[in-house]
Amino acid sequence: MEKESEITDSTPRTVRELGEFALIARMNAGRTPGRAVLLGPGDDAAVLAAPAGRYVVSTDMLIQDRHFRLEWSAPRDIGAKAIAQNAADVVAMGATPTGFVVSLGCPGETPVDLVDGLVEGMWTEAQRAGASIAGGDVVRSPLLVLSVTAFGDPGAHPVLRSGAGVDDTVAVAGRLGWSAAGLAVLAAGADRERFADLVAAHRVPQPPYASVLELPATAAITAMTDVSDGLLADLGHIAESSGVAIDIDTGTVSEPALRSAADALGADPLTWVLAGGEDHAFAATFRAGAPLPPGWRRIGRVRSGAGVLVDGCAWHGPLGWESFGAGE
């Protein structure tokens with residue numbers, strides 16, 4: 001028993017005790033790269049296949065106390081969220097995720113098991129998206145920071161924001177407003193168990209990758225984005241890029257699951273749906289008259305003009321997240 005105690009006491013408990021290279025080895029241990037990763041961790045750089053002769057590439061960061069709180073989210077949740085928000089950007093271009101490169105910054109006193117949780121969450125979500133982690137970096141920093149770069153295969157043509165045309169159908173795949181509702185529950189200190197589904201949606205978004213990646217070749221999709229900053233804000237990017245107006249029908253975007261939380265918090269569920277971000281649903285326009293693929297629901301139409309309208313009128317409430325906006 002004494003010998004076992006000595007072994008336990010000497011087991012590294014923090015990143016500082018473990019060391020950089022041992023930490024990297026631990027993060028990669030037992031992981032099998034996906035088929036698109038021709039050379040994974042262990043060299044100066046990774047090598048990824050580019051079947052179309054080019055990549056779709058996106059990058060994003062999560063910073064402690066800005067994009068997540070350790071008292072609200074488990075490490076596994078944070079890791080999964082970091083991958084999901086990057087994978088959704090790639091899929092929103094109509095591309096299939098092929099690999100992720102992850103950089104981790106953390107204090108030296110960060111528990112090793114916290115990093116284990118981050119890595120588990122990242123790998124789980126990467127595999128859900130059909131890809132794997134190809135490499136990355138670790139550095140010491142005063143706060144926990146995750147920076148992810150995602151790569152994807154765009155196939156014949158990436159789907160841009162600039163292709164929407166007048167009379168196109170506006171549709172969405174995935175949930176709207178759930179993450180914003182979950183954040184409101186956490187911020188208000190409300191009953192987490194009562195609103196567990198909403199809290200879970202904020203902690204780990206669930207982009208419906210298959211709704212895009214399994215689109216039939218006949219799908220007449222003209223423009224697409226993921227809902228990261230808010231439905232109105234993100235559709236606004238399509239409207240601006242395409243030189244059109246987008247009109248949302250509020251009767252089609254109702255999310256009944258939000259009603260009880262809105263009543264408990266004295267909030268407007270429609271504001272969560274229209275301006276709440278981080279659901280990472282997919283919003284797209286489809287050629288007028290074309291049938292919508294499975295998993296998509298109509299929420300409005302494209303009109304001549306500019307900007308985003310709600311039931312034919314200007315919206316005077318919040319539009320969504322903006323990193324350097326007023327009050328941020």
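**Sheet, helix and salt bridges**

Trainee: What is the strand order in the open sheet of 7 strands?
Mentor: Strands are DSSP runs of E, at least two residues long, and helices are runs of H or I, at least four long; both are numbered from the N terminus. Two strands pair if DSSP finds at least two bridges between them. Pairing in this sheet is mixed, and the order reads β8-β10-β7-β11-β9-β12-β13.

Trainee: Which are the edge strands?
Mentor: An edge strand here pairs on one side only. That picks out β8 (221-226) and β13 (313-314).

Trainee: Which pLDDT do side-chain atom pairs need in this predicted model?
Mentor: Residues are numbered from 1 along each chain as its sequence is written, and side-chain values use heavy atoms, with hydrogens and water left out. The model is predicted: local features need pLDDT of at least 70, totals for chains, interfaces and linings use all residues, and side-chain atom pairs count only at pLDDT 80 or more.

Trainee: Which residue of β10 is the bridge partner of Val172?
Mentor: Take the two strands. β7 (residues 169-173) pairs with β10 (residues 282-286) in the antiparallel sense, over 5 bridges. Within β10, Val172 is matched with Ala283.

Trainee: Which residue of β13 is the bridge partner of Val310?
Mentor: Start one strand back. β9 runs parallel to β12 (residues 307-310) over 4 bridges, with Ile248 bridged to Val310. β12 then joins β13 through 2 bridges, running antiparallel. There the partner of Val310 is Cys313.

Trainee: Which residue in the hairpin of β12 and β13 takes a positive phi?
Mentor: The hairpin has 2 residues between its strands. The positive phi is near 55°, and it belongs to Asp311.

Trainee: How far apart are the end C-alpha atoms of α9?
Mentor: The expected span of a helix is 1.5 Å times one less than its number of residues. Helix α9 (residues 231-242) has 12 residues, so 16 Å is expected. The model agrees: the ends lie 16 Å apart.

Trainee: How many of the 12 residues of α9 are buried?
Mentor: Buried means under 20% relative accessible area, exposed over 50%, and partly exposed in between (1.4 Å probe, protein chains only). Among those buried in α9 are Leu231, Leu235 and Ile238. The helix is largely enclosed by the rest of the structure, because the buried count is 9.

Trainee: Which residue follows α9?
Mentor: Look for a positive phi, near 70°. The residue is Gly243.

Trainee: Where is Glu255, and is it buried or exposed?
Mentor: Glu255 sits in the loop between β9 (245-248) and α10 (259-265). Its relative accessible area is 14%, so Glu255 is buried.

Trainee: Which backbone nitrogen does the Glu255 side chain reach?
Mentor: Contact means heavy atoms within 4.5 Å. Beyond four places in sequence, Glu255 is in contact with residues including Gly174, Trp178 and Val273. At 3.1 Å, the Glu255 side chain meets the backbone nitrogen of Leu176.

Trainee: With which residue does Glu255 form a salt bridge?
Mentor: A salt bridge puts a side-chain nitrogen of Lys or Arg within 4 Å of a carboxyl oxygen of Asp or Glu. For Glu255, the closest N and O atoms are 3.2 Å apart, and the partner is Arg297.

Trainee: How many residues apart in sequence are Glu255 and Arg297?
Mentor: Arg297 is partly exposed, at 27% relative accessibility. Glu255 lies in the loop between β9 and α10, and Arg297 in strand β11, so the pair ties together parts whose separation in sequence is 42 residues.

Trainee: Which residue pairs with Asp167 in a salt bridge?
Mentor: Asp167 is partly exposed, with a relative accessible area of 45%. Its partner is also partly exposed, at 36%. The N to O distance is 3.6 Å, and the partner is Arg301.

Trainee: How many salt bridges does a search of the whole structure find?
Mentor: Some link into a network: Arg31, Arg76 and Glu120. Another joins Glu109 and Arg16 at 2.6 Å, N to O. The whole-structure count is 10.

Trainee: How many residues are in the largest nonpolar core?
Mentor: A nonpolar core is a set of buried Ala, Val, Leu, Ile, Met, Phe, Trp, Tyr and Cys residues joined through side-chain atoms within 4.5 Å. Phe100, Leu118 and Trp296 are among the residues that touch the most other members. The largest core has 48 residues.

Notes:
Polar contact = N/O pair within 3.5 Å; in protein donor to acceptor, adjacent residues only side chain to side chain.
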